[in-house]
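Visitor: I would like to learn how aromatic ring pairs are read from a model. Could you take me through the idea and then the case at hand?

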Amino acid sequence: MDYLDFFSQRLSELRTQKGVSARDMSLSLGQCESYINKIENHKSLPSMNVFFYICDYLDIQPKDFFDISIESPTTTNELLAKMIKLNPKQQEHILFLVDDIINASKK
């Protein structure tokens, strides 16, 4: 696995899901306006410290950045946070609904 390619592509995907430009994200992180563009174009990698800021900016945990099985970690984390607030019966109903949606998409 080419980690530079993976990192660049994953950052681009997550940034696009958030609906923000590379320039705006760079400036929001306190970097020069081309910072994120350089990462996405395989010209640079962030320091570990800046990587944590990137994750905070994207509203994800660092582990979620590297977990490609989670296509939209921001939405997944938001859903989980809301699910935790439901009582067990409500969670059961949501689980049934999710199973139904998954099964319907397989048909």
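Guide: What follows is a short reading of the aromatic rings. This is a predicted model, in which local features need pLDDT of at least 70 and side-chain atom pairs count only at pLDDT 80 or more, while totals for chains, interfaces and linings use all residues. Residues are numbered from 1 along each chain as its sequence is written, and side-chain values use heavy atoms, with hydrogens and water left out.

Visitor: What describes a pair of aromatic rings?

Guide: The distance of the centres and the angle of the planes describe such a pair. Rings of Phe, Tyr and Trp (its six-membered ring) pair if their centres lie within 6.5 Å, and planes under 30 degrees apart count as stacked, over 60 as edge-to-face and the rest as tilted. By this rule the count is eight aromatic pairs. One of them, F6 with F66, is stacked, at 6.1 Å centre to centre and 25° between the planes.

Visitor: Which parts does the pair of F6 and F66 tie together?

Guide: F6 lies in helix 1 (residues 3-18) and F66 in helix 5 (residues 62-66), so the pair joins parts that are 60 residues apart in sequence; helices here are DSSP runs (H or I, at least four residues), numbered from the N terminus.

Visitor: Are F6 and F66 buried or exposed?

Guide: Buried means under 20% relative accessible area, exposed over 50%, and partly exposed in between (1.4 Å probe, protein chains only). F6 is buried at 14%, whereas F66 is partly exposed at 45%.

Visitor: Which residues do ring pairs link into a cluster?

Guide: The cluster consists of F6, F7, F51, F52, F65 and F66.

Terms used. Helices (H or I, at least four residues) and strands (E, at least two) are DSSP runs, numbered from the N terminus.
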